[in-house]
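Here is a short report on one protein model. It covers a helix, the cores and a pocket.

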Amino acid sequence: MSEDACRLDHEQREVVERQVAETCKFRGWDLHAVNCRSNHLHVVVSASPAPQIVRNQLKAWCTRRLKELETSRVSSEAAIRENWWAERGSQRFINDEDTLEAAILYVRDGQDKRREH
């Protein structure tokens with residue numbers, strides 16, 4: 001690893017969730033659920049591009065927003081993190097309504113909703 005493990009604070013998680021929604025809206029993707037945790041992100045989205053493209057677009061746009069936030073927080077001499085996400089990431093196809101509903105419930109309600117500050 002070239003950088004320390006990434007832990008997102010409350011404001012960073014909010015930025016990520018807003019950017020995921022914005023990217024999905026701009027691309028015409030259906031965002032069903034998003035839950036940004038301190039060390040990972042869950043998203044359930046319906047989109048026509050390949051999952052790798054969706055994942056890469058979400059990572060790229062969230063990275064841009066996180067870098068903007070950090071630039072506003074630190075002095076000009078401070079280094080801004082380059083790598084915010086793991087190189088890959090899980091991706092699963094959802095092929096029926098029951099599985100979609102289960103994924104949405106898991107992302108929305110199946111995790112500790114208490115946000116770390």
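In this predicted model, the buried residues of α2 are Val54, Arg55, Leu58, Lys59, Cys62, Thr63, Leu66, Leu69 and Glu70. Their cover includes α1 and β2 (41-46). An α-helix has 3.6 residues a turn, so residues three or four places apart point the same way.

The length of α2 can be checked too. Its 23 residues should span 33 Å at 1.5 Å a residue, and its end C-alpha atoms are 33 Å apart, which agrees.

Next, the cores. The largest nonpolar core has 12 residues: Cys6, Leu8, Val16, Val20, Cys24, Trp29, Cys36, Val54, Leu58, Cys62, Leu66 and Trp84. Both α1 (10-27) and α2 (51-73) supply at least two residues each. The most comes from α2, which gives four. Another core, of six residues, lies apart from this one. Val44, Leu100, Ala103 and Val107 are among its members.

Val54 deserves its own line. Neighbours within four places in sequence aside, Val54 is in contact with Trp29, Val45, Ala47 and Pro49.

Last comes the largest pocket. Its volume is about 1,300 Å³. The lining counts 43 residues, and those nearest the pocket's centre are Leu41, His42, Val43, Ser90 and Gln91. Three elements give two or more residues to this lining: β2, α2 and α3 (97-109). The table splits the lining by class.

| Class in the largest pocket's lining | Number |
|---|---|
| Nonpolar | 24 residues |
| Polar | 11 residues |
| Charged | eight residues |

Note on methods
Residues numbered from 1 in each chain as written. Predicted model: local features only at pLDDT ≥ 70, side-chain atom pairs only at ≥ 80, totals over all residues. Heavy atoms only, no water. Core = buried A, V, L, I, M, F, W, Y, C linked by side-chain atoms within 4.5 Å. Buried < 20%, exposed > 50% of the residue type's maximum accessible area, 1.4 Å probe, protein only. Contact = heavy atoms within 4.5 Å. Expected span 1.5 Å × (residues − 1). 1 Å grid on protein atoms, 1.4 Å probe; cavity = no way out; pocket = protein on both sides within 12 Å on 5 of 7 lines; lining within 4 Å. Points joined across faces, edges and corners; volume = space filled by probe spheres on them. Nonpolar A, V, L, I, M, F, W, Y, C, P; charged D, E, K, R; others polar.
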